[in-house]
Amino acid sequence: MSPASLKQRAISGVIWSTLQHSGQTGITFVIGILLARALSPSDFGLIGMLLVFLSVSEIFMDSGFGTALVQKIDADNLDYNTVFYFNIFVSVLCYWLLFWAAPLVSEFYNQPQLTDILRILALNIVISSLTLVPHNILYKRLAFRQLAIINTISMSVSGVAAIVAALNGFGAWSLVLQHLCGSLLKVPLFFLLCPWKPRLTFSGRRLRPLFSYGSKIFGAALVQRIFDNIYSIVIGKMYSAEMLGHFHRAASLQNIPTRILTISVSSVTFPLFSEIQDDRKRLKQHVRKAIMLEAFVVFPALAGVATIALPFVKVFLTEKWLPCVPYVYLLCMASIAYPMKIINQNVLRATGRSDLFMYNEIISKILLILCLVITVRYGITAMLVGNVAHSWIMWGMLAYQSGRLIDYSPREQCLDVAPMLWTSILMGVVVIGLGQVIPCDILKLILLPICGALVYVLVSFVCKISMLNEVILIMRNRLGVAP
């Protein structure tokens, strides 16, 4: 394949990947609001208790073979068929284990209704196993357009089905229907849009080298998935389904700016840093620009989410969700460090220091458990305060280690992002003040984001924050406008 052809596919892939992610987030956001209005926090909490088991089962089902297929340059139909039938076998095994473990899960959470819900919801594992290989084939071919079509259709239809069920009083079963309907729709869509079709062939010899590579990915993914869900496990066990529902709703609101605004940078910086890893001076320049750009965009976005969280919940989610608002504040504080952590991690990966990367992952998990042990007895708010501390401590460790490699210390990083942080705080204070004099919550949702954006840009201009010009230049280049 010619470099020009590869470049064209890469550009097309980036565009469709961005559209897919933004579209999915938008659809999920709208459907989530409608379901939140129709269902109770307890309904969401019940499903949240079970999603950790499905999430971990998905890791076992894949076992790292999906990544191995993408990484293997000469993967052929025999490889695809072998992994396809392996995924189905493991998914059936996982379903069988969850079916018989369902009463134990119900007893663990002290929620008797979870037995039947888990036994039905776990069918999603078997259904999803049919689409793992087609998904990885399309991903490997940078066919993000097809992936966007599949995900948009499945999410939209399953969301509408869940809303109809919720309005007819099905409660938590509406969310079960959403998961199952979405997975079922993906099966014919994947086989319609993916050129590969399964055949009755299998080779244990082909499985071994794939597992040799994929097992390492599997181990890391399994640990990460468990710790990603550790707050859900602890809150579901120690507190109530209602409180877990509030936590999940707060996390979904906070995740919108963090995930959308950092996904492109996190995917681009690793290959970029890898390309210039031997030129440490140039690498430092790019790392600085990436961190400052992320801070310039993410900091005000998180401040904006925090300042409008209360009127947003009142207007769109109704007052039954008001307890989630303080959680939004704390999760936003923790997420401020997220983009900087990702960029510093990419420095370690790009410079070949996977040992430091692994060391930090181990320390992160130990520290997270320690924070939970200390704070869990004092309530969810205390747990989230511990999460804020964990997030910032891990950023400091990563900044110190990557800073030693490229001569970019944590102190320098703090000085670089400080103008954006203080400007975002000032914006937040002004917006909160304006919110006190605007009587209507709907008007607050319309006027406060506009006023906040104007204040942020104006202060950035007056204080001569350099990233303002960088962002304007990027927008002009994207729109094809001459400077």
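This passage describes the overall fold, the nonpolar core, selected helices and a surface patch of a predicted model.

The protein contains 20 helices and zero strands. Of its 483 residues, 48% count as buried. The exposed area comes to about 23600 Å². Carbon and sulfur atoms supply 68% of that area. Contacts reach far along the sequence: among those between residues at least 6 apart, 82% join residues at least 24 apart.

The largest nonpolar core has 130 residues. Within this core, Leu-35 and Met-420 touch the most other members. Helix α13, spanning residues 280-317, provides the largest share of the core, with 18 residues. Met-420 touches Met-292, Ala-295, Phe-296 and Phe-299. Tyr-456, Ile-465 and Met-467 are also touched by Met-420. These partners of Met-420 leave out residues up to four places away in sequence.

Val-133 offers a view of a buried site. This residue is found in helix α7, which covers residues 132-140. Val-133 has a relative accessible area of 0%, and therefore counts as buried, the cut-off being under 20%. Beyond its neighbours within four places in sequence, Val-133 is in contact with Leu-69, Tyr-80, Val-83, Phe-84, Asn-87 and Trp-196. One of these partners, Phe-84, lies 49 residues from Val-133 in sequence. The C-alpha atoms of Val-133 and Phe-84 are 5.9 Å apart in space.

Helix α17 runs from residue 380 to residue 406 and has 27 residues. From its first C-alpha to its last, α17 reaches 39 Å. This span is close to the 39 Å expected at 1.5 Å a residue. Just after α17, Asp-407 takes a positive phi of about 60°.

A nonpolar patch lies on the surface. Its members are Ile-442, Leu-443, Ile-446, Leu-447, Ile-450 and Leu-454. Together they have about 550 Å² of accessible area. Leu-443 lies in helix α19, which covers residues 441-462. The relative accessible area of Leu-443 is 40%. Leu-443 is therefore partly exposed, since this value falls between the 20% limit for buried and the 50% limit for exposed. In soluble globular proteins, nonpolar side chains tend to be buried together. Leu-443, by contrast, belongs to a nonpolar patch on the surface, whereas Val-133 is buried.

Key:
Residues are numbered from 1 along each chain as its sequence is written. This is a predicted model: local features need pLDDT of at least 70, side-chain atom pairs count only at pLDDT 80 or more; totals for chains, interfaces and linings use all residues. Side-chain values use heavy atoms; hydrogens and water are left out. Helices (H or I, at least four residues) and strands (E, at least two) are DSSP runs, numbered from the N terminus. The expected span of a helix is 1.5 Å times one less than its number of residues. Patches are made of residues with over 30% relative accessible area and no salt bridge: like charges are joined within 9 Å, nonpolar side chains (Val, Leu, Ile, Met, Phe, Trp, Tyr) within 5 Å. Accessible areas come from the Shrake-Rupley method with a 1.4 Å probe; for residues, only the protein chains shown count as cover. A salt bridge is a side-chain nitrogen of Lys or Arg within 4 Å of a carboxyl oxygen of Asp or Glu. Buried means under 20% relative accessible area, exposed over 50%, partly exposed in between (1.4 Å probe, protein chains only). A nonpolar core is a set of buried Ala, Val, Leu, Ile, Met, Phe, Trp, Tyr and Cys residues joined through side-chain atoms within 4.5 Å. Contact means heavy atoms within 4.5 Å.
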